[in-house]
There are 2 protein chains.
Amino acid sequence: MDFAPIDRVYRDCVNENVPNVTVQRLPVYLSCLESLGTERERVSSEELATLAGVTPAKIRKDLSYLGTFGVRGVGYDIEHLRFQIRVVLGLEEEWPVVIVGVGNLGRALANYGGFQEHGFDVVGLFDADPAKVGTEYDGMLIRSLDELGPTIHESGATIGIITTPASAAQATAQALADAGIKSILNFAPVVIKPPGDVDIRRVDLSTELQVLSFYLHRRGVDVE
Amino acid sequence: MDFAPIDRVYRDCVNENVPNVTVQRLPVYLSCLESLGTERERVSSEELATLAGVTPAKIRKDLSYLGTFGVRGVGYDIEHLRFQIRVVLGLEEEWPVVIVGVGNLGRALANYGGFQEHGFDVVGLFDADPAKVGTEYDGMLIRSLDELGPTIHESGATIGIITTPASAAQATAQALADAGIKSILNFAPVVIKPPGDVDIRRVDLSTELQVLSFYLHRRGVDVE
DNA sequence: ACATGTGAAGCGCTTCACAGCG
DNA sequence: CGCTGTGAAGCGCTTCACATGT
């Protein structure tokens, strides 16, 4: 582990109690800052708020939980703020991750721009299909599930990503837990019962669509 | 998870008194109910809460916003509750959607189980790459962007999904807006400026990973 | 007896408004 | 003067506790 950035966090970071909702917005802010490029130097809370789709007060409040990054009367230095958010999110560290399930979604994540860019290093691809095992994707060997343990041990991976079919997700979570993984991101459309003290986060790609559906539906109903 | 700037987009659409956070949990409840299968008949708020990873009180409160679906002293009829949630979410309607960008992610969504199951019908695949246009995926013709307008008009699609590279996302959103789409789900890792009065919801696959990183990072710091 | 449905209390996030500082 | 940083007020969600109904 690289401790230098951690020291930096605690030097100028309040960081005792960052609200969950704030943590969840930080990636959005980061993404907006990245979209501003390197030509400009400063950004105001107002402009950043417009980009992120929130209010300026929320931006300032959220950032105040992390530290004092702005300059009164001026705004925020884009490069500096970008770095600080990355440090707080732990993105200046390298996070080795393994992906289980090399279907379309697994492949999409394996070379997803947002991963490398944020310090997530895919160190292992695994699949249960013997036809896939031994082949390569994007220059990476696809391994059998038997090799989960050794690979995770060698690479020091702490995060596992499940992109298997729903039917295989629970067993995969168990296998990851057995192999020593402590945090799992589950993309399979099913709820997994946590094996042991593993932290499981679910990302359901159809959830957003269902939420969209609710509001479209509701709007249509209102019109009548 | 997302939990992003939904408040801004839909704040004034919620005329009924269903909290946004409740709407975002409904797909999770639905998924849990689906995982219970058809053999059992009833489920308690306590059991459903355990499956969904929330408290029983939250389940009951959330459901109370939608109606009175349970039976006191007994619990909820699984099949009935499942249907009611689907109705509230508008999933008993058919939602034609188009997908722009037939890379790994586009293909993953095109035959994603969670879509068909919830009434989302993929009626068009589009890609800017001339090499892909004219070929088929999963029995569907991949069309050129020129055909966006006609296809959307014929099919009555109201939802567009962007799975292009980040660099093409803004132009794609504009094209979808021009073609009459009013709701966009953006999977490209970039923030899109809404063209006109289009509602844009962003799904960043790396956001959850970044949130995970924050908590892992901080846990590591706390241990010292 | 038992589990839901629900006012009311509690709590955390959002927004306001202005103090603080370049 | 301009924009950030921040107590305090406001608001919405969560949790509690028990009335309600079968």
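## Surface and make-up of chain A

Let's start with the outside: chain A has an accessible surface of about 10,000 Å², and carbon and sulfur atoms contribute 51% of that. Please keep in mind throughout that this is a predicted model. Turning from surface to interior, 53% of the 224 residues of chain A count as buried.

In secondary structure, chain A holds 10 helices and 10 strands. Its C-alpha trace spans about 60 × 60 × 35 Å along the principal axes. Among the contacts in chain A with a separation of 6 or more, 57% come from residues 24 or more positions apart. As for charge, chain A carries 20 positive and 31 negative charges, and the mean positions of these two sets lie 8 Å apart.

## How the two copies are related

What rotation superposes chain A on chain B? A turn of 180° does it, with 0.0 Å of shift along the axis and an RMSD of 0.1 Å. The two copies are therefore related as by a two-fold rotation axis. If you would like a landmark for that axis, look for A:Asn104: of the C-alpha atoms in chain A, that of A:Asn104 is nearest the axis, at 2.5 Å. Both copies use the same surface, since 94% of the contact residues of chain A recur in chain B.

## Helix 9 in chain A

Helix 9 of chain A covers residues 166-178. Its 13 residues, at 1.5 Å a residue, should span 18 Å, and the end C-alpha atoms are 19 Å apart, so the expected and modelled spans agree.

Which residues of this helix are buried? They are A:Ala169, A:Thr172, A:Ala173, A:Leu176 and A:Ala177. The spacing makes sense in general terms: an α-helix has 3.6 residues a turn, so residues three or four places apart point the same way. The cover over the buried residues of helix 9 in chain A includes two helix and strand neighbours from earlier in the list, strand 4 (95-100) and helix 8 (148-155), along with strand 8 (159-162) and strand 9 (183-186). After the helix comes A:Gly180, which has a positive phi near 100°.

## Helix 9 in chain B

The counterpart in chain B also has 13 residues, at 166-178. Here too the end C-alpha atoms are 19 Å apart, which agrees with the 18 Å expected at 1.5 Å a residue. Buried positions in this helix are B:Ala169, B:Thr172, B:Ala173, B:Leu176 and B:Ala177.

What covers them? Strand 4 (95-100), helix 8 (148-155), strand 8 (159-162) and strand 9 (183-186) of chain B are included in the cover. Following the helix is B:Gly180, with a positive phi near 105°.

## Two residues to look up

Helix 8 of chain B is also home to B:His153. Is B:His153 buried or exposed? B:His153 is exposed, because its relative accessible area is 71%, and the cut-off for exposed is over 50%. From its C-alpha atom to that of B:Ile200, 47 residues away along the chain, the separation is 20 Å.

In chain A, have a look at A:Ala57, which sits in helix 4 (residues 56-66). With a relative accessible area of 46%, A:Ala57 is partly exposed, as that value falls between the 20% and 50% cut-offs. The C-alpha atoms of A:Ala57 and A:Ile159 are 34 Å apart, and 102 residues separate the pair along the chain.

How values were computed
Residues are numbered from 1 along each chain as its sequence is written. Chains are lettered from A and ligands numbered from 1 in the order in which they are written. This is a predicted model: local features need pLDDT of at least 70, side-chain atom pairs count only at pLDDT 80 or more; totals for chains, interfaces and linings use all residues. Side-chain values use heavy atoms; hydrogens and water are left out. Copies are superposed by least squares on the C-alpha atoms of residues with pLDDT of at least 70 in both. Contact means heavy atoms within 4.5 Å. Helices (H or I, at least four residues) and strands (E, at least two) are DSSP runs, numbered from the N terminus. Buried means under 20% relative accessible area, exposed over 50%, partly exposed in between (1.4 Å probe, protein chains only). Accessible areas come from the Shrake-Rupley method with a 1.4 Å probe; for residues, only the protein chains shown count as cover. Lys and Arg count as positive and Asp and Glu as negative; His and the chain ends are not counted. The place of a charge is taken as NZ of Lys, CZ of Arg, CG of Asp or CD of Glu. The expected span of a helix is 1.5 Å times one less than its number of residues.
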